[in-house]
Amino acid sequence: MSAAWRKALFGLGLLLLLAPVVGVAFHMPSFGDHPLPYGDAINEGAPRDRHVSNAVSAVNFDYRGFDTLGEEFMLVTAVTGAVFLLRGSRGEAVTSKPGTLPNRPIAARSDAVWLISRLSGPFLMMFGLYVVLHATVTPGGGFQGGVIIASGLLLLFLGEGYRGWRHIMHSTLLDILEGGGALLFALAGLAPMLLGASYMQNVLPLGTFRDMLSGGLMPVVNAAVAFAVLAGFSMVFLEFLEETRQPDKQG
Amino acid sequence: MTVLIWILLLLTAAAGAGIVFSREPRQQVLAIAGNGLVLTLLFTALQAPDVAFSELAVGTVALPLLFLVALTSIRTDRKDPPRVGQP
């Protein structure tokens, strides 16, 4: 196809798109307006029916929990795929030498990086734990807290260097946490069925409003998500960073 | 509040354009991290702290790290060292 044809086709597409785009742009609801009743219904129902003050968690782990189960297994599958691809070409062994360009020295870690990482890493992990535990009360939840904890673990890598970091990160433990989290989620969904309720129906006592353990089944599901996300992200970090190392044997 | 949101929307546009117009991969990764930070501020201003948490951790830490590692891996796997000054 010649350049002139391409331009003509592009112009035609632009003309066809322009009218609908302009039409939509002038009929949008005004900024901050929410005409749909779903949000208001959740905001009213979550504190009353589930004793939960964070409506987002109520949606994720209860009202729409089955969706989250699908997302959970999506994450597990993605992490498994990444680990499978990377380990498949490299093996499970830990390599000792950092990979580097020829004739390029590896700069020593500065004291500032060391200090800041050691100070803020544990704080960040503690904050992640706080976000996980208060999923049903304040903003955040298993996913957010899990990723924050994994970021804190990354800071430990910056502070301690690769060898020290690998000493802390046991990939078997991460495997167990990852799979165990997903399993716990699925089991938390199946358990109500033993009582004759439907899948993921909230049968546990709901607790008191604004309490850390409020929401019945939600804290369990939340913990499952936190385990799987924390381990999943850490595992991806681990496998990716291992890729930057020099293989011990060539070929 | 509205002024704040307008400023953040403009910043978002600027940060997004920054990603597109930076052509060197490592600069682009840092531009992505900057964009994640701006989006985090925007989500916070729009009172969506849950999304802001996710954006902060995933968009500013995890994604740029994985990109940087991939770039490192490509550079160090090469048999011939890349020429200095060439993107």
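The following exchange concerns a predicted model and the grounds for several terms applied to its chains.

Visitor: Why is the pair Arg48(A) and Glu44(A) called a salt bridge?

Guide: The closest N and O atoms of Arg48(A) and Glu44(A) are 3.2 Å apart. The rule asks for a side-chain nitrogen of Lys or Arg within 4 Å of a carboxyl oxygen of Asp or Glu. The pair therefore qualifies as a salt bridge.

Visitor: Where do Arg48(A) and Glu44(A) lie?

Guide: Both belong to helix 2 (residues 38–50) of chain A, where they stand 4 residues apart, about one turn of the helix.

Visitor: How many salt bridges does the rule find across the interface of chain A and chain B, and how many over all chains?

Guide: Across that interface the rule finds 0, whereas a search of the whole structure yields 9 over all chains. Between chain A and chain B there are, however, 3 residue pairs in polar contact, with both residues at pLDDT 80 or more.

Visitor: Which elements of chain A give two or more residues to the side that touches chain B?

Guide: They are helix 5 (111–133), helix 6 (142–168) and helix 8 (218–243). By class, the residues on this side of chain A comprise 16 nonpolar, 7 polar and 2 charged.

Visitor: How is the extent of the contact between the chains known?

Guide: Chain A contributes 25 residues and chain B 19 residues. Together the chains bury about 1900 Å², of which 78% is on carbon and sulfur atoms.

Visitor: What makes the nonpolar surface patch of about 640 Å²?

Guide: Its members are Leu184(A), Leu194(A), Leu195(A), Val203(A), Leu204(A), Val220(A) and Phe227(A). Membership requires over 30% relative accessible area and no salt bridge, with nonpolar side chains joined within 5 Å. Helix 7 (171–194) and helix 8 of chain A each supply at least two of the residues, while Val203(A) sits in the loop between these helices.

Terms used
Residues numbered from 1 in each chain as written. Chains lettered and ligands numbered in written order. Predicted model: local features only at pLDDT ≥ 70, side-chain atom pairs only at ≥ 80, totals over all residues. Heavy atoms only, no water. Contact = heavy atoms within 4.5 Å. Buried area = accessible area lost by both parts, 1.4 Å probe. Polar contact = N/O pair within 3.5 Å; in protein donor to acceptor, adjacent residues only side chain to side chain. Nonpolar A, V, L, I, M, F, W, Y, C, P; charged D, E, K, R; others polar. Patch = residues over 30% accessible without salt bridge, like charges linked within 9 Å, V, L, I, M, F, W, Y side chains within 5 Å. Areas by Shrake-Rupley, 256 points an atom, 1.4 Å probe, with all protein chains shown as cover.
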